[in-house]
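Work through the exercises below with the sequence and the coordinates open. Each task is followed by a solution in steps.

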Amino acid sequence: GTTAYDYAGSVNITLQGMTPNDPGQFNRSVLAAGTYDWAASSSNLNYANASSMVMSMTLKRNSVDQEKTTVRYGNFSVAYFLMQFNGSNTLFVYLNGPRITSTEALGPTGAYHTYTAVFNGSLSNEDRVKLYYDGALKTVSADGSYPTEMPGTTYPVYMNHDGGWGQPGNYDNVYFMTSA
């Protein structure tokens, strides 16, 4: 089909070139075979003014050493909360401009790994965004001052990015929630 169906009662994801793929890590995955494959939620998620948020995915990457987007809350012109690999195979987490970067390479090809970014606006600036890799808190470098809450506008959720910026691989168990 052309839809990844939601299991938690929020929104479905419309697939653009991505296809359902068995078996996946947790039952089924969605395959992005190329960098132009992407998907978008069927409606905006209402995280307006949320003071905390969690974004997580389980991903088996098909390529490394490329700057590629994986998952984001925002639209094509606004990437409010975003996870993106860079050319040195470290992971960026953007939060409305400022970003944190893992200090080590994360996620070789050929195996599933879980990436989780946690935002908590009530913490001090250096602790507001944390990155977990396979459940372990990672050391990161940070730049800029992070907001204390999400914007007042609601946005859709995207997996990958059109225009050749998507990360090829098997995506499984992608979720967002407003509890940090």
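**Exercise 1: Charges**

The protein carries 9 positive and 13 negative side chains, and the centres of these two sets are 2 Å apart. The model is a predicted one.

Task: State how many positive and how many negative side chains there are, and how far apart the centres of the two sets lie.

Solution. Count Lys and Arg as positive, Asp and Glu as negative. This gives 9 positive and 13 negative side chains. The distance between the centres of the two sets is then 2 Å.

**Exercise 2: Overall fold and dimensions**

Task: Describe the secondary structure, then compare the radius of gyration with the globule rule.

Solution.
- Step 1. The protein has zero helices and 16 strands.
- Step 2. The radius of gyration is 15 Å, and the globule rule gives 16 Å for 180 residues. The two values are close, so the protein is as compact as a globular protein of that length.
- Step 3. Along the principal axes, the C-alpha atoms fill a box of roughly 45 × 35 × 30 Å.
- Step 4. Of the 180 residues, 49% count as buried.
- Step 5. The exposed area is about 7,900 Å², of which carbon and sulfur atoms supply 46%.
- Step 6. Take the contacts between residues at least 6 apart in sequence: 66% of them join residues at least 24 apart.

**Exercise 3: Aromatic pairs**

Task: Classify the ring pair Phe85 and Tyr115, then the ring pair Tyr115 and Tyr133.

Solution.
- Step 1. A pair of aromatic rings is described by the distance of the centres and the angle of the planes. Rings pair if their centres lie within 6.5 Å. The protein has six aromatic pairs by this rule.
- Step 2. For Phe85 and Tyr115 the centres are 5.4 Å apart and the planes stand at 90°. An angle over 60 degrees counts as edge-to-face, so this pair is edge-to-face.
- Step 3. The pair links distant parts of the chain, with Phe85 in strand 8 (residues 79–85) and Tyr115 in strand 11 (residues 112–120), 30 residues apart.
- Step 4. Phe85 has a relative accessible area of 0% and is buried. Tyr115 is also at 0% and counts as buried.
- Step 5. Tyr115 forms an aromatic pair with Tyr133 too, at 5.5 Å centre to centre and with 40° between the planes. This pair is tilted.
- Step 6. Tyr133 lies in strand 12 (residues 129–133), 18 residues from Tyr115 in strand 11. Its relative accessible area is 14%, so Tyr133 is buried, the limit being under 20%.
- Step 7. Elsewhere in the list of pairs, Tyr47, Tyr73 and Tyr155 are linked by ring pairs into a cluster.

**Exercise 4: Positive phi**

Task: For Asn160 and Asn173, give phi, the place in the chain and the accessibility class.

Solution.
- Step 1. Asn160 is not a glycine, yet its phi is positive, about 65°. Asn160 sits in the loop between strand 15 (157–159) and strand 16 (169–177). At 0% relative accessibility, Asn160 counts as buried.
- Step 2. Asn173 also has a positive phi, near 55°, in a residue other than glycine. Asn173 belongs to strand 16. Its relative accessibility of 38% makes Asn173 partly exposed.

**Exercise 5: Sequence separation against spatial separation**

Task: For Tyr175, Ser122 and Thr2, set the C-alpha distance to a named partner beside the separation along the chain.

Solution.
- Step 1. Tyr175 is in strand 16 and is partly exposed at 32%. Its C-alpha atom is 5.3 Å from that of Ser56, 119 residues away along the chain. Leaving aside neighbours within four places in sequence, Tyr175 is in contact with Val54, Met55 and Ser56.
- Step 2. Ser122 is in the loop between strand 11 and strand 12 and is exposed, at 62%. Ser122 and Ser51 are 71 residues apart in sequence, with 7.0 Å between their C-alpha atoms.
- Step 3. Thr2 lies in the segment before strand 1 (3–4) and counts as exposed at 55%. From Thr2 to Glu67 there are 65 residues in sequence and 26 Å in space, C-alpha to C-alpha. Residues up to four places away not counted, Thr2 touches Ile13, Thr14 and Leu15.

Notes:
Residues numbered from 1 in each chain as written. Predicted model: local features only at pLDDT ≥ 70, side-chain atom pairs only at ≥ 80, totals over all residues. Heavy atoms only, no water. Helix = DSSP H or I, 4+ residues; strand = E, 2+ residues; numbered from the N terminus. Rg over C-alpha atoms; globule rule 2.2 N^0.38 Å. Buried < 20%, exposed > 50% of the residue type's maximum accessible area, 1.4 Å probe, protein only. Contact = heavy atoms within 4.5 Å. Areas by Shrake-Rupley, 256 points an atom, 1.4 Å probe, with all protein chains shown as cover. Charge placed at Lys NZ, Arg CZ, Asp CG, Glu CD. Phe/Tyr/Trp six-rings, centres within 6.5 Å; stacked < 30°, edge-to-face > 60°.
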